[in-house]
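Visitor: Could you pick one part of this model and take me through it closely? I'd like to hear how it sits among whatever surrounds it.

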Amino acid sequence: MHHYYFDHNATTPVSPEVLETAVECLGEVYGNASSIHHFGQAAKQRLETARRQTATLINCDAREIVFVSGGTESDNLALFGAVRPGGGARHLITTAIEHPAVLNACAQLEREGVALTYVPVGADGIVDPDDVRRALRPETVLVSVMHANNELGTVQPIAEIAAITRQAGVYLHADGVQALGKIPVDVGALNVDLYSMSGHKIYAPKGVGALYVRRGTRLSSILFGGHHERERRPGTENVPGAAAFGRAAELAGACLPTEATRIAALRDRLESAILARIPDAGVNGSRAARTPNTTNIYFDYLEGEAMVIALDLRGFAVSSGAACSSGAVEPSHVLTAIGLPAERARASIRFSLGHANTPEQVDALVDAVEASVAHLRKLSPVAV
């Protein structure tokens with residue numbers, strides 16, 4: 001049986017070009033990038049090349065890129081590093097649909113005495129910038145809004161929110177983990193102060209990510225050690241990981257114009273066929289402002305986890321939500337935040353496409369979805 005992957009928002013396979021870069025560094029560039037001898041300087045050169053490649057993808061100065069271990073650390077560094085310094089009354093604004101890496105960091109800051117405001121989203125899964133404006137207080141120090149949602153793919157109006165935070169003198173952090181490589185990202189045009197990225201979402205290995213820190217942004221380290229990454233993130237640099245991230249960023253920038261269009265067409269093909277052939281199904285969130293590779297569809301009268309298993313048995317990998325929340329008893333906080341009742345939230349499936357997917361795979365997936373839904377609904381005590 002063939003196996004096809006439609007869960008690219010959870011992680012992506014490492015591309016051959018990126019793998020070649022990582023293996024080369026692991027075997028040949030083994031010096032410590034902080035050492036001043038030949039081997040150390042060779043490693044330093046590769047690290048700085050990766051920094052420039054990453055900066056080019058998001059249109060910033062290479063010195064504004066801080067390499068970290070992944071999206072979670074990038075989010076944590078942004079939130080704790082921007083909010084903790086200074087003490088006194090502090091207020092943080094975020095949204096109801098953020099990734100757990102942001103929500104749980106916010107919860108910890110709240111335990112430390114920081115006031116929190118969670119702005120809602122509409123049924124389309126998009127934040128109203130005016131809600132952010134109304135939530136601002138004199139003591140607000142940071143607003144954190146994800147660029148693209150991991151479950152719905154909805155793209156937030158970051159530039160409009162930035163205009164509000166800039167006028168108020170408040171830092172803006174955007175979790176860009178699900179946007180990078182899927183839609184154009186220009187941190188200058190977005191006008192953000194902090195932007196989080198992850199390697200394994202753009203065909204690089206797990207265990208490497210980056211944080212864009214706008215020049216002049218006050219940010220304290222959350223780790224303690226050496227003077228690496230311009231005092232932002234101590235620890236011997238992961239040169240092979242950073243080199244792989246940089247190469248993946250370079251490839252993402254080169255293929256984005258054509259690949260986004262191709263994948264969007266596949267996503268629309270999948271979506272249209274499912275809605276045409278399967279009753280009591282529909283798309284969650286906005287069908288306009290979203291990443292080109294993502295669709296989240298509900299199938300009434302069944303359980304999403306059962307659907308994931310049924311499709312896996314037919315050779316198709318999909319998801320019922322964020323991978324880090326897999327197995328959770330409660331329905332997706334993202335889907336309930338857009339107003340879905342718990343039953344429909346639990347009956348929803350996320351399909352996220354990537355480079356290797358083809359029209360033939362999409363058509364085979366539609367057949368498998370139709371058969372799986374029919375089978376599971378026969379077993380459902382509430383199906384009509």
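Guide: Here's a close look at one strand, followed by a walk outwards from there.

First, the ground rules. This is a predicted model, so local features need pLDDT of at least 70 and side-chain atom pairs count only at pLDDT 80 or more, while totals for chains, interfaces and linings use all residues. Residues are numbered from 1 along each chain as its sequence is written, and side-chain values use heavy atoms, with hydrogens and water left out.

The part I'd pick is strand β8, residues 209-213. (Strands are DSSP runs of E, at least two residues, and helices are runs of H or I, at least four, numbered from the N terminus.) β8 is mostly covered, with 5 of its 5 residues buried; buried means under 20% relative accessible area, exposed over 50% and partly exposed in between, using a 1.4 Å probe and protein chains only. Which residues sit on each face of β8? Gly-209, Leu-211 and Val-213 are on one side, Ala-210 and Tyr-212 are on the other, and both faces are covered.

Now for the neighbours. Strands of a sheet pair through backbone hydrogen bonds, either parallel or antiparallel, and here two strands count as paired if DSSP finds at least two bridges between them. Strand β2 (residues 65-68) runs antiparallel to β8, joined by 4 bridges, and Val-68 stands opposite Gly-209. Strand β7 (residues 194-198) is also antiparallel to β8, over 5 bridges, with Ser-196 as the bridge partner of Leu-211. Ser-196 turns up again as the partner of Asp-175, a link that takes us on to strand β6 (residues 171-175), which pairs with β7 in the parallel sense over 3 bridges.

Zoom out and you get the whole open sheet: 7 strands in the order β2-β8-β7-β6-β5-β3-β4, with mixed pairing. Its edges are β2 and β4 (115-119), each of which pairs on one side only. Neighbouring strands in this sheet are turned by 20° against each other on average, direction ignored. For angles like these, axes are lines fitted to C-alpha atoms, for helices over the stretch in contact, and the angles run from 0 to 180 degrees between N-to-C directions.

What packs on this sheet? Helix α2 (residues 38-58) touches β2, β7 and our strand β8, and its direction makes about 115° with that of β2; touching, or contact, means heavy atoms within 4.5 Å. Helix α4 also packs on the sheet, touching β3 (91-95), β4, β5 (140-144) and β6, with its direction at about 150° to that of β4.

Helix α4 (residues 100-111) has a helix partner too. Two packed helices are described by the angle between their axes and the distance between the axes. For α3 (residues 71-83) and α4, that's about 30° and 9 Å, so the two are roughly parallel to each other. Angles under 35 degrees count as roughly parallel, over 145 as roughly antiparallel, 65 to 115 as roughly perpendicular and the rest as oblique. The crossing of α3 and α4 is right-handed, meaning that the near helix is turned clockwise from the far one by less than a right angle (anticlockwise would be left-handed). Residues of α3 in that contact include Leu-79, Phe-80 and Val-83, while those of α4 include Ala-105, Cys-106 and Leu-109.

Want a contrast? Helices α1 (residues 16-28) and α8 (residues 239-277) pack at about 155° with their axes 8 Å apart, so they're roughly antiparallel to each other. Their crossing is right-handed. Among the α1 residues meeting α8 is Cys-25, along with Val-18 and Leu-26, and the α8 side includes Ala-244, Ala-248 and Leu-251.

That brings up the cysteines. How many disulfides does a search of the whole structure find? It finds 0, taking a disulfide as a pair of cysteine sulfur atoms within 2.5 Å. Cys-60, for one, is in no disulfide, and its nearest cysteine sulfur, that of Cys-255, is 19 Å away. Cys-60 is buried at 18% relative accessible area, and Cys-25 is buried at 1%.
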